[in-house]
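These are my notebook entries on a single chain. I set down what I looked up, in the order in which I looked it up.

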Amino acid sequence: MKRIISTLAFGAFLLMGANLHAQDNVVPDMPMGYCGIGPVIAGSVDISRVPRKAQDFLKHHFKEYAVVQCEKEFDDNTYELELSNGIDVEFDSGGDWREVEAGRSRVLAPNVVKKLVPDKTYKELLSRNVASRVESVKRYSDGYKVEINNAKYDDYRFARDGKLVSVSD
């Protein structure tokens with residue numbers, strides 16, 4: 001029995017070595033060290049691989065923070081970045097932002113929220129006294145979703161023009 005297990009282990013070791021040797025032909029967006037076992041869903045990429053539009057967005061809205069982690073989702077070509085202040089930003093394949101989440105920071109600073117949403121949306125959040133408790137802002141083709149931390153109603157939906165569409169808990 002021990003002989004069979006050791007033979008199988010040795011065979012697996014040889015196969016892994018052969019697979020690592022074949023790394024010369026890896027597709028450029030695949031993460032280093034991928035051995036071909038199972039699907040790769042995401043992997044780290046250099047910030048220079050992120051679309052220019054996304055890089056410009058970061059320079060404009062978050063210039064004081066460094067990118068500490070940058071991952072590409074291979075199934076839908078999106079990018080997820082974590083900034084040094086804990087904020088997570090998701091971009092689509094074209095570089096348009098899809099979501100800005102407070103992450104470790106717990107809530108987004110009101111000045112960040114104001115930059116992300118239309119003025120009408122921000123004024124509505126101020127009038128409801130929740131602009132300082134925004135956990136995340138998601139942008140969709142038809143509008144925005146704003147999630148609030150520690151509020152009776154924590155899910156606000158807005159149309160593209162900033163008009164409040166719905167509130168739920």
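**Entry 1: the chain as a whole**

I began with the contacts between residues at least 6 apart in sequence, and found that 36% of them join residues at least 24 apart. I note at the outset that the model is a predicted one. I then asked how many helices and strands the chain has. I counted four helices and nine strands. In sequence order I read the pattern as α-β-α-β-β-β-β-α-α-β-β-β-β.

I next looked up burial and surface. Of the 169 residues, 35% count as buried. The accessible surface of the chain is about 10700 Å², and carbon and sulfur atoms account for 53% of that surface.

**Entry 2: strands E2, E3 and E4**

I turned to strand E2 (67-73) and strand E3 (78-83). E2 and E3 run antiparallel and are joined by six bridges. Within this pairing I found glutamate 71 opposite glutamate 80 of E3. The two strands form a hairpin with four residues between them. In that turn, asparagine 77 has a positive phi of about 55°.

I followed E3 onward to strand E4 (88-91). E3 and E4 are also antiparallel, with four bridges between them. Here glutamate 82 stands opposite aspartate 88 of E4. This hairpin likewise has four residues between its strands, and I recorded a positive phi near 95° for glycine 86.

Why is E3 largely enclosed by the rest of the structure? I checked its residues one by one against the cut-off for burial, which is under 20% relative accessible area. Five of the six residues of E3 are buried, so the strand is largely enclosed.

**Entry 3: the largest pocket**

I then asked which residues line the largest pocket. The lining consists of Gln69, Glu71, Glu80, Leu81, Glu82, Asp88, Val89, Glu90, Glu99, Val100 and Glu101. The volume of this pocket is about 150 Å³. I sorted the lining by residue class and obtained three nonpolar, one polar and seven charged residues.

I also traced the lining back to the strands. E2, E3, E4 and E5 each supply at least two of the lining residues. Glutamate 71 and glutamate 80, which I had noted as opposite each other in the pairing of E2 with E3, both appear in the lining. Glutamate 82 and aspartate 88, opposite each other in the pairing of E3 with E4, are also listed there.

**Entry 4: strands E5, E6 and E7**

From the pocket I went on along E5 (residues 97-101), which is joined to strand E6 (residues 134-140) by three bridges in the antiparallel sense. Glutamate 99, one of the lining residues of the pocket, has lysine 138 of E6 as its bridge partner.

E6 also pairs with strand E7 (residues 143-148), antiparallel and over six bridges. E6 and E7 form a hairpin with two residues between them. Tyrosine 140 is placed opposite glycine 143 of E7.

**Entry 5: glutamine 55**

Last, I examined glutamine 55, which I located in helix H2 (residues 52-61). Is this residue buried or exposed? Its relative accessibility is 12%, and glutamine 55 therefore counts as buried. Leaving aside residues up to four places away in sequence, I found that glutamine 55 touches Ile47, Ser48 and Val50.

Technical notes
Residues numbered from 1 in each chain as written. Predicted model: local features only at pLDDT ≥ 70, side-chain atom pairs only at ≥ 80, totals over all residues. Heavy atoms only, no water. Pairing = 2+ DSSP bridges. Buried < 20%, exposed > 50% of the residue type's maximum accessible area, 1.4 Å probe, protein only. Contact = heavy atoms within 4.5 Å. Areas by Shrake-Rupley, 256 points an atom, 1.4 Å probe, with all protein chains shown as cover. 1 Å grid on protein atoms, 1.4 Å probe; cavity = no way out; pocket = protein on both sides within 12 Å on 5 of 7 lines; lining within 4 Å. Points joined across faces, edges and corners; volume = space filled by probe spheres on them. Nonpolar A, V, L, I, M, F, W, Y, C, P; charged D, E, K, R; others polar.
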